[in-house]
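Visitor: I would like a close look at one part of this protein. Please start with one aromatic residue and work outwards from there.

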Amino acid sequence: MDLIDKVFTQQDFSHQDLSDRRFRRCHFYQCDFRHTKLRDASFEECYFIEPGAIEGCHFNYADLRDASFKACRLSLSNFAGANCFGIEFRECDLKGTNFSRARFYNQISHKMYFCSAYISGCNLSYANLSDQCLEKCELFENNWRNANLIGASLMGSDLNRGTFSRDCWQNLNIRGCDLTHAELEGLDIRNVNLEGVKICAWQTEQLLEPLGIVVMPD
């Protein structure tokens, strides 16, 4: 079922089954998607916050497995506790979004799990991703400035062309990540484990300059 150019205000979608639904250019203002089944749902060019509002929509504990959001405005939305395995965010505004206790992984056994998420070209500034596990995922060309990544693991993920700020690196696992062409402001190689990390030659100067090392051209 396709819904196009619809406006929903203070609509309660909680506990409903909206799996496989497709929404395009729809506006959702102060809507409640808590505990909603949105598996394989698709949202394109949708708005989930009114201009000037201080709070977006609530997706708390929603089933968002394999859901897709493209060119959507989701700033200040709440995804706390949501099942986000396989979720897709492409060119979305996720500024200030709360992903506390959301799950981007599938637990196979006590010691075995794998992650799945496709987040690219998004504004994740001030988003809360603390303690999140987003390993071996497509996470390229995102703005991570001032995002809360404390305790998060992005190990093995593609972070190329991302933009980071100084506070992003605190207690963040980026081992094995692709950081080519990324803005690495404030990354101190003395405090961050860079095992297996990929960077470009020109980024070497950026990493060594704070240590007083001058890199000369060949």
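**Around phenylalanine 69**

Guide: Phenylalanine 69 is buried, because its relative accessibility is 0%. The model is a predicted one, so keep in mind that every value here is computed from it. Now look at its ring. Phenylalanine 69 and phenylalanine 89 have ring centres 5.2 Å apart, and their planes meet at 20 degrees. Stacked pairs need planes under 30 degrees apart, so this pair is stacked. Phenylalanine 69 sits in strand E6, while phenylalanine 89 sits in strand E7. The pair therefore ties together parts that are 20 residues apart in sequence. Phenylalanine 89 is buried too, with a relative accessible area of 0%.

Turn to another partner of phenylalanine 69. The ring centres of phenylalanine 59 and phenylalanine 69 are 6.2 Å apart. Their planes stand at 90 degrees, so this pair is edge-to-face. Phenylalanine 59 lies in the loop between strand E5 (42-44) and strand E6 (68-70). Phenylalanine 69 is ten residues away from phenylalanine 59, and the pair links distant parts of the chain. Phenylalanine 59 is also buried, at a relative accessible area of 0%. These are among the 26 aromatic pairs in the model.

Next, follow the strands. E6 and E7 belong to an open sheet of six strands. The order across the sheet is E1-E3-E5-E6-E7-E10, and the pairing is parallel. At the edges are strand E1 (2-4) and strand E10 (117-120), each of which pairs on one side only. From one strand to the next, the twist averages 5 degrees.

Stay with strand E7 for a moment. This strand covers residues 87-90 and pairs with E10 in the parallel sense, over four bridges. One named bridge joins arginine 90 to serine 120, which lies in E10.

Now a word on the cysteines. A disulfide is a covalent bond between the sulfur atoms of two cysteines. The whole structure was searched, and zero disulfides were found. Why does cysteine 72 not form one? Its closest cysteine sulfur is in cysteine 46, at 4.7 Å, which is too far for a bond. The cut-off is 2.5 Å. Cysteine 72 counts as buried, at 3% relative accessibility. Cysteine 122 tells a similar story: the closest cysteine sulfur is in cysteine 92, at 4.8 Å, again too far for a bond. Cysteine 122 also counts as buried, with 3% relative accessibility.

Finally, step back to the whole protein. There are twelve strands and one helix. Starting at the N terminus, the strands come before the helix. The protein has 218 residues, and a compact globule with that many would have a radius of gyration near 17 Å. The protein has 18 Å, which agrees. Taken along the principal axes, the C-alpha atoms fill a box of roughly 60 × 45 × 25 Å. Buried residues make up 47% of the 218 residues. Among contacts with a separation of 6 or more, 22% are between residues 24 or more positions apart.

Terms used:
Residues numbered from 1 in each chain as written. Predicted model: local features only at pLDDT ≥ 70, side-chain atom pairs only at ≥ 80, totals over all residues. Heavy atoms only, no water. Buried < 20%, exposed > 50% of the residue type's maximum accessible area, 1.4 Å probe, protein only. Pairing = 2+ DSSP bridges. Helix = DSSP H or I, 4+ residues; strand = E, 2+ residues; numbered from the N terminus. Axes fitted to C-alpha atoms, helices over the stretch in contact; angles between N-to-C directions. Phe/Tyr/Trp six-rings, centres within 6.5 Å; stacked < 30°, edge-to-face > 60°. Rg over C-alpha atoms; globule rule 2.2 N^0.38 Å. Contact = heavy atoms within 4.5 Å.
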